[in-house]
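Visitor: I have a model open and would like to go through it step by step. Please take my questions in turn.

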Amino acid sequence: MHILHSAKFLKSAASLRDMPADHGWEVAFAGRSNAGKSSALNVLASHKGLARVSKTPGRTQLLNVFSIDDDRRLIDLPGYGYAKVPVGVRDQWRGMVDGFLRNREALKGLILIMDSRHPLKDFDRQMLDYAAGIAKPCHVLLTKADKLSRNVATSTLNAVRKELGADGSDDAKVSVQLFSAPAKTGLDEARAVIARWLEITIPGKSQSRALPPQ
Ligand code: GDP
């Protein structure tokens, strides 16, 4: 069983003051609405209903927090791109996400969800620039890869990697992979990145760092 399996919904935060204390390790998930963020979270945690809360009316614009253990959390950032959100609400949520990304010490990396059929839209580029600006690594999941032929999926992956200068090393600031929730494509690869950022040792995986002394 993978460690992400123990992820449980902890709370929805309407403001940064509502967030759990800023300690330990966190990985945040971001993406345009409908890109497949909830599906990716559910399948990564092997928990069908985990991210249901993120879809609950009234909670789509909150920071939804899932705890893995006392020191490790997954943060589901509000999906971007709801067409009918009033400007005031949008600005408020942008401010909250901005404040979270900029100031959160526990945040170790960002998983950016993109639909593999339409990668690198404006929002995606803004998030990548943002992550680079705050010196946090970003791992891109090109989701819905099951909707592409193998050839198109591979060429999309290569094109996005090339464009982002993702060189494939563990220490790269940007990395990219194909993902499919229903086909479970890319699950191990994505989990390995998250485990590395959360400093969880996976038996037999030498690239993960050992847990620090308690
Ligand atoms: P979110 O708004 O980013 O959280 O997106 P959802 O996870 O709710 O997914 C939006 C829609 O895309 C839903 O109908 C999902 O079933 C579908 N979807 C998500 N991921 C995949 C995937 O990898 N493959 C396919 N074929 N459909 C997907």
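The questions below go from the sheet to a helix, two loops and a pocket of this predicted model.

Visitor: In what order do the strands of the open sheet of seven strands lie?
Guide: The pairing in this sheet is mixed. In general, strands of a sheet pair through backbone hydrogen bonds, either parallel or antiparallel. The order is β1-β3-β4-β2-β5-β6-β7.

Visitor: Which strands stand at the edges?
Guide: A strand at an edge has a single partner strand, so one side is left without a neighbour in the sheet. That is the case for residues 8–13 and for residues 174–178. The two edge strands are β1 and β7.

Visitor: How does β3 pair with β1, and over how many bridges?
Guide: One point of reference is Lys-8, which stands opposite Ser-67 in β3. β1 and β3 pair in the antiparallel sense, and the number of bridges is five.

Visitor: Through how many residues does the hairpin join β3 to β4?
Guide: β3 and β4 pair in the antiparallel sense over five bridges. Val-65 has Ile-75 in β4 as its bridge partner. The hairpin joins the strands through two residues.

Visitor: Is β3 largely enclosed or not, and how many of its residues are buried?
Guide: Buried here means under 20% relative accessible area. β3 is largely enclosed by the rest of the structure, because the buried residues number six of seven.

Visitor: Do β2 and β4 run parallel or antiparallel?
Guide: Strand β2 covers residues 25–31 and strand β4 residues 72–76, with five bridges joining them. Trp-25 stands opposite Arg-72 in β4. The two strands run parallel.

Visitor: What angle does the direction of helix α1 make with that of β2?
Guide: Helix α1, residues 37–44, packs on the sheet and touches β2, β4, β5 and β6. Its direction makes an angle with that of β2 of about 145°.

Visitor: Why is α1 largely enclosed by the rest of the structure?
Guide: The buried residues of α1 pack against β2, β4, β5, β6 and α5. Among them are Lys-37, Leu-41 and Leu-44. α1 is largely enclosed because its buried residues number seven of eight.

Visitor: At what angle to β5 does helix α3 run?
Guide: Helix α3 is made of residues 122–133 and lies across β2, β5, β6 and β7. Its angle to β5 is about 165°.

Visitor: What is the phi of Ser-46?
Guide: Most residues other than glycine have a negative phi. Ser-46 sits in the loop between α1 and β3 and is partly exposed, with a relative accessible area of 42%. Although Ser-46 is not a glycine, its phi is positive, at about 50°.

Visitor: Where is Ala-135 found?
Guide: Ala-135 is not a glycine either, yet has a positive phi of about 55°. Its place is the loop between α3 and β6.

Visitor: Which element gives the most to the lining of the second largest pocket?
Guide: This pocket holds about 260 Å³ of space. Of the 14 residues that line it, Tyr-80, Arg-94, Val-97, Phe-123 and Met-127 are the closest to its centre. Two or more residues of the lining come from each of α2 and α3. The element that gives the most, with six residues, is α2.

Visitor: How many residues of that pocket's lining are nonpolar?
Guide: The lining of the second largest pocket also has one polar residue and three charged ones. The nonpolar residues number ten.

Terms used: Residues numbered from 1 in each chain as written. Predicted model: local features only at pLDDT ≥ 70, side-chain atom pairs only at ≥ 80, totals over all residues. Heavy atoms only, no water. Pairing = 2+ DSSP bridges. Helix = DSSP H or I, 4+ residues; strand = E, 2+ residues; numbered from the N terminus. Contact = heavy atoms within 4.5 Å. Axes fitted to C-alpha atoms, helices over the stretch in contact; angles between N-to-C directions. Buried < 20%, exposed > 50% of the residue type's maximum accessible area, 1.4 Å probe, protein only. 1 Å grid on protein atoms, 1.4 Å probe; cavity = no way out; pocket = protein on both sides within 12 Å on 5 of 7 lines; lining within 4 Å. Points joined across faces, edges and corners; volume = space filled by probe spheres on them. Nonpolar A, V, L, I, M, F, W, Y, C, P; charged D, E, K, R; others polar.
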